[in-house]
Every structure is written in structure tokens, then in C-alpha cells.
Amino acid sequence: MSKPPYAEKKYRAVTAVQRRLNAVMRRLPAQTLLETTGRVSGLPRRTPVGGRRVGDSFWLVSEFGERSQYVRNVRADPRVRVRIRGRWYTGTARLLPDDDPVARLRLLPRLNSLAVRAMGVGTGHLTVRVDLDEGESR
């Protein structure tokens with residue numbers, strides 16, 4: 001299925017806003033963060049995300065799917081950390097292209113789900129599950 005003609009413009013506009021907004025959001029103590037390792041730099045990269053912890057897993061949906069920088073970083077190195085309610089957890093991220101991201105969004109926090117739907121482009125969503133290790137890091 002091809003992308004609508006406005007998709008690239010929307011992607012560029014949303015990512016430009018996110019770059020600025022994420023710089024602020026990362027500093028908020030209650031914000032959930034996904035920390036990946038930069039695939040080129042090798043440096044930690046922290047991205048504000050929304051999602052939900054279910055048992056020993058943390059679930060989220062990427063609004064840009066394979067185009068999200070954190071998804072590209074996960075492909076290169078699936079070991080991640082997630083800050084949930086101010087505590088850091090280590091884990092292994094799994095990209096789940098066979099999962100239905102629209103159905104998954106119904107199970108995640110409503111405000112985040114609305115934001116993912118609004119910012120995402122077409123059918124490019126991708127479900128990500130982080131299998132959390134025993135205990136917490138830091």
C-alpha cells in the first residue's frame with residue numbers, strides 16, 4: 001500500500017516538533033523513557049515513549065514504525081533500558097511486525113494512543129515489546 005502524498009511532509013513536520021518537545025520531555029521525572037544505544041555513535045539515546053507495563057514486559061507502539069530512530073537502534077542492539085515511574089529497568093526489545101498495532105493501542109494508555117494515531121503516518125505503526133530483566137538497574 002503506497003503512502004498518501006502528504007505522508008512525507010507530515011513525517012518531517014512531526015519529527016521536527018518531536019525533536020524540540022522530546023528535549024523537554026526527557027527531563028520530566030514522571031515521563032517514561034526508552035534508552036537505546038545509538039547504532040552509529042554507540043552513545044545512549046533516550047526517547048520519551050508511552051506504553052504500559054504488563055507483568056514482566058513493557059509494550060509500546062512506534063508511530064513511525066521502521067523509520068523511528070529508536071526502532072533502528074533496537075534493530076542494531078536490542079538491549080535497552082526503560083524508565084517507568086522514575087525507576088530504570090533493563091531489558092531486551094522485540095520488534096513485532098506481526099502484532100496488530102491498532103489493536104495494541106487500544107490496550108495502552110488512551111492519551112498516548114491518541115498521540116500515536118495523530119502523529120503517525122498511514123499504516124506505519126509498529127508494536128515493540130521490551131522483555132524486562134529480573135530486578136531493576138541503576
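Reader: Which residue lies over the face of Trp-88, and at what distance from the ring centre?

Author: That is Arg-81, at 4.2 Å from the ring centre of Trp-88. Do keep in mind that this is a predicted model. The idea behind the label is that CZ of an arginine has to be within 6 Å of the ring centre and within 35 degrees of the ring normal. There is another case to look at: Arg-104 lies over the face of Trp-59, 3.8 Å from the ring centre.

Reader: And how many aromatic pairs does the structure hold?

Author: Zero. For a pair, ring centres would have to lie within 6.5 Å.

Reader: Let's turn to the sheet. In what order do its strands run?

Author: Read across the sheet, strand by strand: E2-E1-E5-E6-E7-E4-E3, seven strands in an open sheet with antiparallel pairing. At the edges are E2 (44-48) and E3 (52-54), each of which pairs on one side only. From one strand to the next, the twist averages 35 degrees.

Reader: How many bridges join E6 and E7?

Author: Six, in the antiparallel sense, between E6 (residues 87-96) and E7 (residues 126-132). To follow one of them, start at Thr-92 and look for its bridge partner in E7, Asp-131.

Reader: Which strands does helix H2 lie across?

Author: Helix H2 (residues 69-76) lies across E1, E2, E4, E5, E6 and E7, and runs at about 50 degrees to E1.

Reader: Now the interior. Which residues have the most contacts inside the largest nonpolar core?

Author: A core of this kind is a set of buried nonpolar residues joined through side-chain atoms within 4.5 Å. Here the largest has 17 residues, and Leu-34, Phe-58, Val-82 and Val-130 have the most contacts inside it. Two or more residues come from each of E4, H2, E5, E6 and E7, with E7 giving the largest share, four residues. A second, separate core has five residues, including Trp-59, Val-61, Leu-105 and Leu-108.

Reader: What does Phe-58 contact, beyond its neighbours within four places in sequence?

Author: Its contacts include Val-49, Val-82, Ile-84, Val-128, Val-130 and Leu-132, and also Arg-52 and Arg-53.

Reader: Is Leu-60 buried or exposed?

Author: Buried means under 20% relative accessible area; Leu-60 has 1%, so it counts as buried. You will find Leu-60 in strand E4. Leaving out residues up to four places away in sequence, Leu-60 touches Tyr-70, Leu-108, Leu-126 and Val-128, among others. The C-alpha atoms of Leu-60 and Pro-109 are separated by 9.7 Å, though these residues are 49 apart along the chain.

Conventions. Residues are numbered from 1 along each chain as its sequence is written. This is a predicted model: local features need pLDDT of at least 70, side-chain atom pairs count only at pLDDT 80 or more; totals for chains, interfaces and linings use all residues. Side-chain values use heavy atoms; hydrogens and water are left out. Two strands pair if DSSP finds at least two bridges between them. Axes are lines fitted to C-alpha atoms, for helices over the stretch in contact, and angles run from 0 to 180 degrees between N-to-C directions. Contact means heavy atoms within 4.5 Å. Buried means under 20% relative accessible area, exposed over 50%, partly exposed in between (1.4 Å probe, protein chains only). Rings of Phe, Tyr and Trp (its six-membered ring) pair if their centres lie within 6.5 Å; planes under 30 degrees apart count as stacked, over 60 as edge-to-face and the rest as tilted.
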